Amino acid sequence: MLGHPAPPVEPTIEVPFAPPVPETRGLLAPEPEPQAEPRPEPSQPPLEPHPELTVDLRPRDAVPGRPASERPASERPARRRSVAEDTLTPEEWRAAGYTPPTGIPLPELTTGAPGEVPWPDRMRTLLRTPMSERPAFERTAREMHPSAGAARNVPRILDLTLRIGELLLASGEAAEDVEAAMLGIAHAYRLDRCEPQVTFTLIGISHQPSLVEPPVTADRVVRRRTSDYTRLNAVYQLVADITAEKVTVNDAYRRLALIRRNRHPYPAWLLALTTGLLAGAATFLVGGRIDDKAWLVFASAFIAAVLGDRLASALARRRLPEFYQFVAAAMPAAASGIILSFNDWGLRGSVVITGGLFALLPGRALVAAVQDGLTGFYITAAARLLEVIYLVAGIVIGVIMILYLGVGFEARLKPDESLVGISYPPVQMVAAMLLTLAFAMLLQTDRRTLALVTVNSGIGWASYGALVYNAHVNPIAATGVAAGLVGLFGQLMARYRNGSALPYVTAAIGPLMPGSALYLGMLAFAQGHSSTGLVSVFRAAAIAMALAVGVNLGGEIARLFLKLPVGAELPSLYPAVPRRAAKRTRGF
């Protein structure tokens with residue numbers, strides 16, 4: 001055991017013949033190679049060479065007889081395979097972390113052609129998957145056309161992707177859906193190795209052609225945000241046609257230009273009247289009863305909301321930030337409520353102030369902020385939540401300034417007037433649906449969608465009223481359940497119309513917004529009751545959070561009942577690719 005190791009076994013080479021070496025003379029004649037000294041024979045017998053390591057160097061046509069091309073296949077020498085191909089199975093290669101020689105078949109994300117399943121479902125499954133692990137998509141017959149292999153204009157495709165993503169993000173769409181749309185557009189134009197990235201004000205996308213080529217990266221800043229759900233649905237339809245591989249890049253640019261140039265479906269004067277209608281409907285929602293005084297309160301809230309809207313528009317034309325616009329818009333309603341409280345007619349001034357708050361609360365931004373946080377886009381969620389805080393702070397400052405003046409002049413504000421609860425269900429049901437209709441028009445919702453949005457609002461408010469009035473459930477819990485139903489039916493309606501769920505959800509949660517709780521907190525601060533004001537403010541925040549979480553949970557429940565576009569017939573070694581949850585802060 002302590003002797004010399006056995007010499008390595010060299011593979012034997014079978015050489016049938018050696019051609020004669022020509023004799024060379026002159027300066028270029030090679031020098032004779034020195035003869036190697038013979039090594040001593042090992043003490044143990046020599047090992048037999050492995051049969052797989054024997055290499056046959058004879059040319060096929062060098063066998064005596066006829067050439068190899070003219071011989072039958074049974075007489076031709078078989079190709080010898082390497083040891084690694086015979087000793088390792090594909091499963092062992094995969095367990096060792098290597099790709100087997102035959103390659104790894106990738107599962108298909110869809111079992112049919114692109115366009116048969118809504119693109120948000122097809123693309124959400126890829127957002128949580130690293131680029132190297134993303135499954136391959138099934139291509140259509142267009143990919144087999146000879147022109148499909150032509151050079152692609154990568155910067156132009158990325159620019160189109162960013163422009164569409166900008167419109168979606170500016171309309172209030174969730175960051176997850178924006179990234180899903182960008183990923184779908186890039187894949188439809190055969191840019192598979194793409195990584196979209198969305199934040200509150202900046203969207204970007206990077207394309208990696210291969211491991212040896214530099215990536216192509218482009219980004220775009222979102223500077224303006226608009227509430228136009230008609231345009232949002234048009235963009236959704238454009239993305240659906242692109243992901244179905246029905247639209248070329250040039251046609252997509254033309255349609256996108258038309259979408260940008262389209263006018264809003266409702267004129268400015270109608271939107272101003274709609275703002276007043278929203279505030280007036282909110283007075284019946286929180287006041288609850290119909291009498292001669294209620295109509296005067298309705299008219300006061302209507303006029304105050306229209307004045308606030310015109311004042312905010314004037315400040316917007318002066319390029320003042322949105323914060324100051326909300327401060328100015330909240331003042332007329334508060335002033336009207338203070339004026340009504342000075343008379344002896346028993347007019348409900350607090351109801352006017354609460355109705356004005358319903359017309360200003362940023363429900364759209366709140367829902368989007370919570371949805372981004374729940375899906376793992378924490379930077380965008382934090383930015384949107386900060387936006388909500390600033391807008392609510394502007395409303396609070398505008399109202400509380402007027403309330404301080406009113407309290408200084410001994411205005412008789414009664415907080416109980418805006419806490420009627422569910423005492424007049426038929427009146428409040430009609431008021432809730434009317435409020436939703438006005439809210440949907442303010443969001444520039446398509447006329448064909450208004451009826452469905454109003455019905456969805458009626459479902460949510462009826463559920464809330466039954467839980468609070470009949471089952472005596474806590475209002476915060478009842479708000480969460482009602483918002484969950486709104487999100488569930490809103491998602492189903494969006495699938496029915498092949499559009500975004502925002503038009504069916506954002507306006508439908510308007511009657512559930514915490515306008516009364518926020519007003520009570522501001523009034524308590526104005527009257528010097530800080531502890532009571534903090535309780536009311538935290539209650540309003542809890543209602544708003546329950547509202548946003550309920551909407552998101554309802555949408556997720558709707559997706560559980562829908563057929564996900566994951567490959568059904570896949571090998572057992574390659575399970576279906578699910579929509580992975582965010583695991584960025586769990587340590588794995």
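**Figure 1. The largest pocket of the predicted model.** In this predicted model, the largest pocket holds about 1800 Å³ of space. Its lining is made up of 48 residues, and those closest to the centre of the pocket are Arg-225, Thr-226, Ser-227, Glu-322 and Gln-325. Several helices take part, since α4 (154-170), α8 (268-287), α9 (292-317), α10 (322-340), α11 (349-358), α12 (363-374), α13 and α14 (425-442) each supply at least two residues of the lining. Which helix gives the most to the lining of this pocket? The helix in question is α9, with eight residues.

**Figure 2. The largest cavity and the residues around it.** A search of the whole structure finds two cavities of 30 Å³ or more, and the largest cavity has a volume of about 70 Å³. As a general idea, empty space is revealed by rolling a probe the size of a water molecule over the atoms. The residues that line the largest cavity are Leu-169, Gly-172, Phe-200, Arg-225, Arg-364, Ala-365, Ala-368, Arg-384 and Glu-387. Helices α12 and α13 each contribute at least two residues to this lining, and the largest share, three residues, comes from α12. Arg-225 is also one of the residues closest to the centre of the largest pocket.

**Figure 3. Helix α13 and the buried residue Arg-384.** Helix α13 covers residues 378-408, 31 residues in total, and reaches 43 Å from its first C-alpha to its last, which is close to the 45 Å expected at 1.5 Å a residue. Arg-384 is found in this helix, and it also belongs to the lining of the largest cavity. Is Arg-384 buried or exposed? Arg-384 counts as buried because its relative accessibility is 4%, and a residue is called buried when that value is under 20%. The side chain of Arg-384 makes a polar contact with the side chain of Asp-372, at 2.5 Å. Leaving aside neighbours within four places in sequence, the residues in contact with Arg-384 include Leu-169, Gly-172, Phe-200, Ala-365 and Ala-368, and these five residues are also named in the lining of the largest cavity. After α13 comes Glu-410, which has a positive phi, near 60°.

**Figure 4. Ser-171 in the loop that leads to helix α5.** Ser-171 is found in the loop between α4 and α5 (175-188), and it counts as buried because its relative accessibility is 3%. With neighbours within four places in sequence left aside, Ser-171 is in contact with Thr-226, Asp-228, Tyr-229, Leu-232, Arg-364 and Leu-502. Of these contacts, Thr-226 is also among the residues closest to the centre of the largest pocket, while Arg-364 helps to line the largest cavity. Helix α5 has 14 residues and reaches 20 Å from its first C-alpha to its last, close to the 20 Å expected at 1.5 Å a residue. Because 14 of the 14 residues of α5 are buried, this helix is largely enclosed by the rest of the structure. Just after α5, Arg-190 takes a positive phi of about 65°.

**Figure 5. Two exposed loop residues with positive phi.** In general, most residues other than glycine have a negative phi. Arg-319, in the loop between α9 and α10, has a phi near 65°, a positive value in a residue other than glycine. Asn-498, in the loop between α16 (475-497) and α17 (502-505), likewise has a positive phi, near 55°. Arg-319 counts as exposed because its relative accessibility is 70%, and Asn-498 is exposed as well, with a relative accessible area of 53%.

**Figure 6. Pro-514 and its partners from elsewhere along the chain.** Pro-514 lies in the loop between α17 and α18 (515-526), and it counts as buried because its relative accessibility is 10%. Which residues are in contact with Pro-514 once its neighbours within four places in sequence are left aside? They are Leu-361, Ala-540, Ile-543 and Ala-544. Pro-514 and Leu-361 are 153 residues apart along the chain, and their C-alpha atoms are separated by 8.6 Å. For the protein as a whole, 75% of the contacts between residues at least 6 apart in sequence join residues at least 24 apart.

Notes: Residues numbered from 1 in each chain as written. Predicted model: local features only at pLDDT ≥ 70, side-chain atom pairs only at ≥ 80, totals over all residues. Heavy atoms only, no water. Helix = DSSP H or I, 4+ residues; strand = E, 2+ residues; numbered from the N terminus. Expected span 1.5 Å × (residues − 1). Buried < 20%, exposed > 50% of the residue type's maximum accessible area, 1.4 Å probe, protein only. Polar contact = N/O pair within 3.5 Å; in protein donor to acceptor, adjacent residues only side chain to side chain. Contact = heavy atoms within 4.5 Å. 1 Å grid on protein atoms, 1.4 Å probe; cavity = no way out; pocket = protein on both sides within 12 Å on 5 of 7 lines; lining within 4 Å. Points joined across faces, edges and corners; volume = space filled by probe spheres on them.
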